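Subject: The structure we talked about

Hi,

Here is the structure I promised to pass on. Have a look at it first, then read on for what turned up.

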Amino acid sequence: MTDLRFMGDWRLISGVAVGLVLAAAFNADGSRILSASTDGSARVWDARTGELLTSVTHRDAVVGAVFDGEGDRFVTASSDGSARVWSS
């Protein structure tokens, strides 16, 4: 079970401070979760253990994030007007 604690608008997920999560998505096989946050980050988590696998950043809040069909890349969209493709 993932440890989730609320601290105002910030959260601790498995001991990692994250901003307010605006979007989340599973990859195709359900093994990873992608979160998009107000702190400008998108993070990939192991769905079973809650371990942080990858973190990427934009200059402003990440408002959307999805895995591609194969699960080896993901796309993020930010309120800074950018969209980026990342390897997962």
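Let's begin with a hairpin: strand 6 and strand 7 form one, with five residues between them. In that turn, Gly50 has a positive phi of about 80°. Strand 6 covers residues 41-46 and strand 7 covers residues 52-57, and the two pair in the antiparallel sense over five bridges. Please keep in mind that this is a predicted model.

How far can you trust it? The mean pLDDT of the chain is 83, with 80% of its residues at 70 or more. The part to treat with care is residues 1-10, where the pLDDT is below 50. That stretch still has 19 contacts in the model beyond near neighbours in sequence.

As for the overall layout, the secondary structure comes to zero helices and ten strands. If you walk along from the N terminus, the elements read β-β-β-β-β-β-β-β-β-β. The chain has 88 residues, and 36% of them count as buried. Among contacts with a separation of 6 or more, 24% are between residues 24 or more positions apart.

Back to that hairpin, and to Ser41, which is found in strand 6. Across from Ser41, in strand 7, stands Thr57. Is Ser41 buried or exposed? Its relative accessibility is 3%, and the cut-off for buried is under 20%, so Ser41 counts as buried. The side chain of Ser41 has polar company too: a polar contact of 2.6 Å joins it to the side chain of Asp39, and another of 2.5 Å joins it to the side chain of Arg43. Leaving out residues up to four places away in sequence, Ser41 touches Ser35, Ala36, Ser55, Val56, Thr57 and Val62.

Now for a second hairpin, made by strand 8 and strand 9, with five residues between the strands. Here Gly71 takes a positive phi near 85°. Strand 8 and strand 9 pair in the antiparallel sense over five bridges. One position to look at is Phe67, which stands opposite Phe74 in strand 9. Both Phe67 and Phe74 are buried.

How many aromatic pairs are there? The count comes to one. The ring centres of Phe67 and Phe74 are 6.2 Å apart and the planes sit at 70°; planes over 60 degrees apart count as edge-to-face, so that is what this pair is.

Strand 9, residues 73-78, also holds Thr76. With 1% relative accessibility, Thr76 counts as buried. The side chain of Thr76 makes a polar contact of 2.8 Å with the side chain of Trp86. Not counting residues up to four places away in sequence, the residues Thr76 touches include Ala42, His58, Val62, Gly64 and Ala65. Further along the chain, Ser82, Ala83, Arg84 and Trp86 are also among the residues that Thr76 touches.

Next, the inside. Nonpolar side chains tend to be buried together in soluble globular proteins. Which residues make up the largest nonpolar core here? There are ten in all: Leu34, Ala36, Ala42, Val44, Val56, Val62, Ala65, Phe67, Phe74 and Trp86. Strand 5 (32-37), strand 6 and strand 8 (62-67) each supply at least two residues of this core. Strand 8 gives the largest share, three residues.

Leu34 is a handy core residue to click on. Setting aside residues up to four places away in sequence, Leu34 touches Ala23, Ala24, Ala25, Ala42, Arg43, Val44, Ala65, Val66, Phe67 and Phe74.

Last, a residue with another kind of setting: Phe26, in strand 4 (residues 21-26). Why does Phe26 count as exposed? Its relative accessible area is 55%, and exposed means over 50%. Even so, leaving aside neighbours within four places in sequence, Phe26 is in contact with Arg32, Ile33, Ala47 and Phe67. Phe26 and Ala47 are 21 residues apart along the chain, and their C-alpha atoms are separated by 8.2 Å.

That's the tour. Shout if you'd like to go through any of it together.

Cheers

Methods
Residues are numbered from 1 along each chain as its sequence is written. Side-chain values use heavy atoms; hydrogens and water are left out. pLDDT is the predictor's confidence in each residue, from 0 to 100. Contact means heavy atoms within 4.5 Å. Two strands pair if DSSP finds at least two bridges between them. Helices (H or I, at least four residues) and strands (E, at least two) are DSSP runs, numbered from the N terminus. Buried means under 20% relative accessible area, exposed over 50%, partly exposed in between (1.4 Å probe, protein chains only). A polar contact is a pair of N or O atoms within 3.5 Å; within protein, one must be able to donate a hydrogen and the other to accept it, and residues adjacent in sequence count only if both atoms are side-chain atoms. A nonpolar core is a set of buried Ala, Val, Leu, Ile, Met, Phe, Trp, Tyr and Cys residues joined through side-chain atoms within 4.5 Å. Rings of Phe, Tyr and Trp (its six-membered ring) pair if their centres lie within 6.5 Å; planes under 30 degrees apart count as stacked, over 60 as edge-to-face and the rest as tilted.
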